[in-house]
Amino acid sequence: MSGILDTVNLRTQMVGQNRLELLLFGLETSQRYGINVFKVREVLQCPDLTEVPRQTSSIKGMAHIRGETIPVLDLSEAIGRAPIPHEDQAKCFLIVAEYNRRTLAFMVRKVDRILNTQWDQIMAPPKEIGNENYLTAVFEYEKKLVEILDVEQILADLYPMSTDVSDEVATHEVRERAREHHVLIVDDSAVARNQMQRSLEDLGVKVSVANNGRQALQMLHELLDRQVDVEKLFLMVISDIEMPEMDGYTLTSMIREDTRMSKLHVVLHTSLSGGFNVSMVKKVGADGFLAKFNPNDLAGVVVNRIRQVESAQ
């Protein structure tokens, strides 16, 4: 265990095409869960927590870590499972992570190991389980399924965010011009797709969506096979980086390698708000990077692209 706690911070610097490392952990059952190590700032034994008034019981208090005061979320209770008893908290671990420009700590029962794998080994959840769950992906390890939680959905339920674009960013003139443009959104998180789609439709652009890089690439290839000029059809592609089957880095590389769409404008969009390796974005040929989720920032990137395209005509 000490090896995991000592090295997880260094491993967050790893970025590679279509590969990832997962920190496996457990909650109140024998089910294993995984979180991308790149999202993790550190793992530590749960310290004494400062109780605070709260709107939800899954927020257990505040932890004081390296000069910061960080909210602590009982991840088991947040996903509708049995909460960790108060008397057991001192035996638990905190996974300190950064999502959507917010630092928080997930309280978990145990931390297992770090597993090196490939994004193409990570599968979308079976359709049979429906949409009312917190799963974003699954994969098989030691003949059992490991579940990767949709943290964006959990946080959206706890901290609802507006998707409205301000009139300062989206003036009447901008909204009128936006109607002539089409954006492709690629993200495995249903809540992230919905947030982006609502914001961009509020701006006025047409929106198409794909659940992961492989699905987006298939969509683009089908259009190309029908002689559709996707470089003209889509103003831009806004893609998440971390997705099952094919990540955003690999999607971008595949787009750049196909001469029929190599000039398609691609922006990588991720909940990784700290320690991001910008050089990797440049290496795969992406045109930009955008941290999740702020509707005005998202709309601003699209508006700037509209102006860029229109000035070139």
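How many salt bridges does the structure hold? The count is 20, and the views below, taken from a predicted model, pick out a few of them along with a pocket, a helix and two nonpolar cores. As general background, side chains of opposite charge can pair when their charged atoms come close.

**View A. Glu77 and Lys60 pair up in a salt bridge.** Look for the closest N and O atoms here: they sit 2.8 Å apart. Glu77 belongs to helix H2 (residues 75-78), while Lys60 belongs to strand E4 (residues 59-65). With their positions 17 residues apart in the chain, the two link distant parts of it. Are these partners buried or exposed? Both Glu77 and Lys60 are buried.

**View B. Arg175 meets Asp202 in another salt bridge.** This time the closest N and O atoms are 3.3 Å apart. Arg175 is in helix H4 (residues 172-178) and Asp202 is in helix H5 (residues 190-203), so the pair ties together parts that lie 27 residues apart in sequence. Buried or partly exposed? For Arg175, the relative accessibility is 17%, so Arg175 counts as buried, the cut-off being under 20%. Asp202 has a relative accessible area of 27%, so Asp202 goes down as partly exposed.

**View C. Helix H4 also reaches helix H10, through Arg177 and Glu310.** The side chains of Arg177 and Glu310 form a salt bridge, at 2.7 Å from N to O. Arg177 sits in H4 and Glu310 in H10 (residues 295-312), so this bridge joins parts of the chain 133 residues apart in sequence. Arg177 is partly exposed, at 22% relative accessibility. Glu310 is partly exposed too, with a relative accessible area of 25%. Elsewhere, salt bridges that share partners connect Arg32, Asp112, Arg113 and Glu142 in one network.

**View D. Here is the second largest pocket, with about 250 Å³ of space.** Its lining is made up of 17 residues, and those nearest the centre are Glu231, Phe234, Leu235, Arg305 and Val309. Two elements, helix H7 (230-233) and H10, each give two or more residues to this lining. Which of the elements gives the most? That would be H10, with four residues. Sort the lining by type and you get six nonpolar, five polar and six charged residues.

**View E. Helix H3 (residues 151-158) is mostly covered.** Six of the eight residues in H3 are buried. Those six are Val151, Glu152, Ile154, Leu155, Ala156 and Leu158. So what do the buried residues of H3 pack against? Their neighbours include four strands you can trace one by one: E5 (68-74), E6 (93-99), E7 (102-108) and E10 (144-149). Helices H2 and H5 are packing partners as well.

**View F. Phe106 sits in the largest nonpolar core, which has 29 residues.** Leu23, Leu73, Leu75, Ile95 and Phe106 are the members that touch the most others. Leaving out residues up to four places away in sequence, Phe106 touches Ile35, Leu73, Leu75, Phe93, Leu94, Ile95, Ala97, Tyr99 and Val151. Val151 may ring a bell: this residue is one of the buried ones in H3. There is also a second, separate core of 24 residues, and its members include Val186, Phe234, Leu251 and Leu264. You have met Phe234 already, among the residues nearest the centre of the second largest pocket.

Note on methods:
Residues numbered from 1 in each chain as written. Predicted model: local features only at pLDDT ≥ 70, side-chain atom pairs only at ≥ 80, totals over all residues. Heavy atoms only, no water. Salt bridge = Lys/Arg side-chain N within 4 Å of Asp/Glu carboxyl O. Buried < 20%, exposed > 50% of the residue type's maximum accessible area, 1.4 Å probe, protein only. 1 Å grid on protein atoms, 1.4 Å probe; cavity = no way out; pocket = protein on both sides within 12 Å on 5 of 7 lines; lining within 4 Å. Points joined across faces, edges and corners; volume = space filled by probe spheres on them. Nonpolar A, V, L, I, M, F, W, Y, C, P; charged D, E, K, R; others polar. Contact = heavy atoms within 4.5 Å. Core = buried A, V, L, I, M, F, W, Y, C linked by side-chain atoms within 4.5 Å.
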